[in-house]
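Me: I've got a structure open and I'm not sure how to read it. Can you walk me through it?

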Amino acid sequence: MSVSTASDPPASDPRASDPKAAAAEARYAEATQLQLTWWRFRRHKLAVVSLFVIALFYGIAIFADFLAASDPHATDARRSFIPPQGIHLFDENGFNPHVYGLRGVRNPRTFQLSYSPDPARKLPVRLFTRGYTYNLLGLIETDIHLFGIEGGRPGEGIFLLGTDQLGRDLYSRMMVATRVSLSIGLAGVTLSLFLGVLLGGISGLYGGWVDLLIQRLIELLRSVPTIPLWMGLAAALPRTWSVIEVYFAITIIISLIGWTDLARVVRGRFLALREEDFVVAAELSGASQGRIIFRHMLPSFASHVIAATSLALPAMIISETSLSFLGLGLRPPAVSWGILLQDAQNIQVLAGAPWLLSAAVPVTLVILAFNFLGDGLRDAADPYG
Amino acid sequence: MVIYLLRRLGLALLTCVFISVLTFIIIRLPPGDFVDAYIANLAASGSSVSVEQAQAMRQEYGFDRPVVVQYAFWIGRVLQGDFGVSMMWRRPVTEVIGDRLWLTMVVSVAALFLTWMIALPIGIYSAMRQYSFGDYLFTTLGFIGLAIPNFLLALILMYLGFRYLGLNVGGLFSAEYVQAPWSWARVWDLAKHLPLPAAVLAMAGTAQLIRIMRANLLDELRKPYVITARAKGLTERRAILKYPVRAALNPFASSLAYLFPYLVSGSIIVSLVLGLPTVGPLLLQALVAQDMFLAGTIVLLLGIMTVIGTLISDLLLMWIDPRIRLEGR
């Protein structure tokens, strides 16, 4: 147990006469566990920043279609491999955000079409423009997008991150991919959480041979190399399955391995708490087992489970990205970060169009943020420690 | 000690059985059986198989029996070293895999050694100079190492190598050695190509191990015996390297058990990006073409390789930790 000044008895504290310190101490003593956890969490600056980053990404996931500038599935052979375009904020008339139109030039030697900006043609960028139709939050049908260009010819558009081989806007695809990749991570972790809490709980609560059996199962699962196993299972999914069916199958496959860590945490907490005085006291007062678990034990280890969950999420996201990258995960027309990176697999293509790698940025950012968040939560999970 | 050893051996055997069952399930998952696929494959290339021949093949592989018997058939053949025939290559699976399994092993083990070589000194440094600039620097680098999936790192390195050095940084051999028989020159060529894939693979594991080493050593450094050692006038170097570091070494040995499967796993996908001649690309091809005997064999062999790794880790632990060695005496 660490000794913090605020928890010292006032008599031994030389600053006890100081009303400020006394007030702080009273605040500390009266705070609920949730408040204490929050105060402790706030001290981990990186974790707080990460929380905002993750909230931002989930915001993107929810409003993906609104943020997309053009239809992420619309192909156009005339605009393949357009480099990223910058937005110019000012022109000779003052503030007038615009992008330049593009001029296709065929390389006389290789006959490859490459694009260069055409300063003579200005396409004004405006907020809340009309584009393709989608359902906002799955409810409201609309065609308003956050931004876009006004009055362009067909095929013209704004390509903040360039286009892929089929002429699809990478920025818009990235927005939609964020939704798929983040939701599959969340769904996978929910499923592993369920398995982990159930099996870990049974293991820690009953002990004996059930515990032994589950522990051996966890050890077995952990000693098997996961990627070959996933690949084998994923490759067996029938080709005829729809996008949604594959999505759920992949979620199940990645969570089949991911639950072991969570089960370990839950089991460990159960074993530790079973011996605690307050649990014994509850038992002796005749509380039912259900009441002991949900009223007394659960609140004291829920925070640990939350921390373990946020540390398990990045692994889920990496799994999905890896599988889709290999072509064994989600299949087009589904768009996920892994599928976007699949286009970057060929080094020749990548050398000509390095912007195809841009999906690496959100992958890295989200994984980093979840790691920091999990770290902060783990520290905060035990506010009395 | 004997009991500990026997328990570990038993567990390793159990894991092997478990992996073989999983592999069998993977082989059996696609609709239709191997003979159907084989016939379809032959038909596609113009030749045909009579009904009797197909029936004979089914009998040979036991496909007309219940699943449990089929499993027994298959595992019996595997134990005799017969892994079946690869449909794609029309050759025995063992021939197709050839050197690739050993190269997978070489890359994974190289990555493991690199992990240890980097994590040990940095872990010690970070614990001794806790909260120093270097400590923060390595912690930050470690987090970034954890956050970049290794195949992405491989892609980025490939791109940079191609763009700025104009060379292909992938592969395990120079062009003239790809097909050459084994010789010292070829081994040396392999050694020269090894650092890049090994470093890419080692990234995440190193970051993790540094954190564990740092935490463990910090715990040890606070113990009274370190103060005693210092009070007795041992040099700082000796006071730290001789006792606390040795006590904190345990996670290194046990890292073999959990890092090794992870590295083998990672080598599959990194091999694909970097074009390494390991089992990785072969496994992907086999899975896409539903060449299930080949795919199943690779999964099985990789699994058994990691089981052996785990077993070695247990032996190592026994060697460096007397608490385990003297257990039950």
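**Where the chains meet**

Reply: Sure: 32 residues of chain A are in contact with 39 residues of chain B, where contact asks for C-beta atoms, placed from the backbone, within 7 Å. This is a predicted model, in which local features need pLDDT of at least 70 and side-chain atom pairs pLDDT 80 or more, while totals for chains, interfaces and linings use all residues. Residues are numbered from 1 along each chain as its sequence is written, and chains are lettered from A and ligands numbered from 1 in the order in which they are written.

Me: Which helix gives the most to the side of chain A that touches chain B?

Reply: Helices are DSSP runs (H or I, at least four residues), numbered from the N terminus. H7(A) gives the most to that side, eight residues.

Me: How does H7(A) pack with H10(A)?

Reply: You fit lines to the C-alpha atoms over the stretch in contact and take the angle, 0 to 180 degrees, between N-to-C directions. Here the angle is about 60°, with the axes 11 Å apart. That makes H7(A) oblique to H10(A), because angles under 35 degrees count as roughly parallel, over 145 as roughly antiparallel, 65 to 115 as roughly perpendicular and the rest as oblique.

Me: Which residues of H7(A) and H10(A) make the contact?

Reply: From H7(A), look for A:Ile227, A:Trp230, A:Met231 and A:Ala234. H10(A) brings A:Ser319, A:Ser322, A:Leu323 and A:Leu326.

Me: What does UniProt list for residues 178-374 of chain A?

Reply: Its unreviewed entry gives "domain: ABC transmembrane type-1", and such annotations may be inferred rather than shown by experiment. In the model, that span is 81% helix and 0% strand.

How values were computed
Contact = placed C-beta atoms within 7 Å. Helix = DSSP H or I, 4+ residues; strand = E, 2+ residues; numbered from the N terminus.
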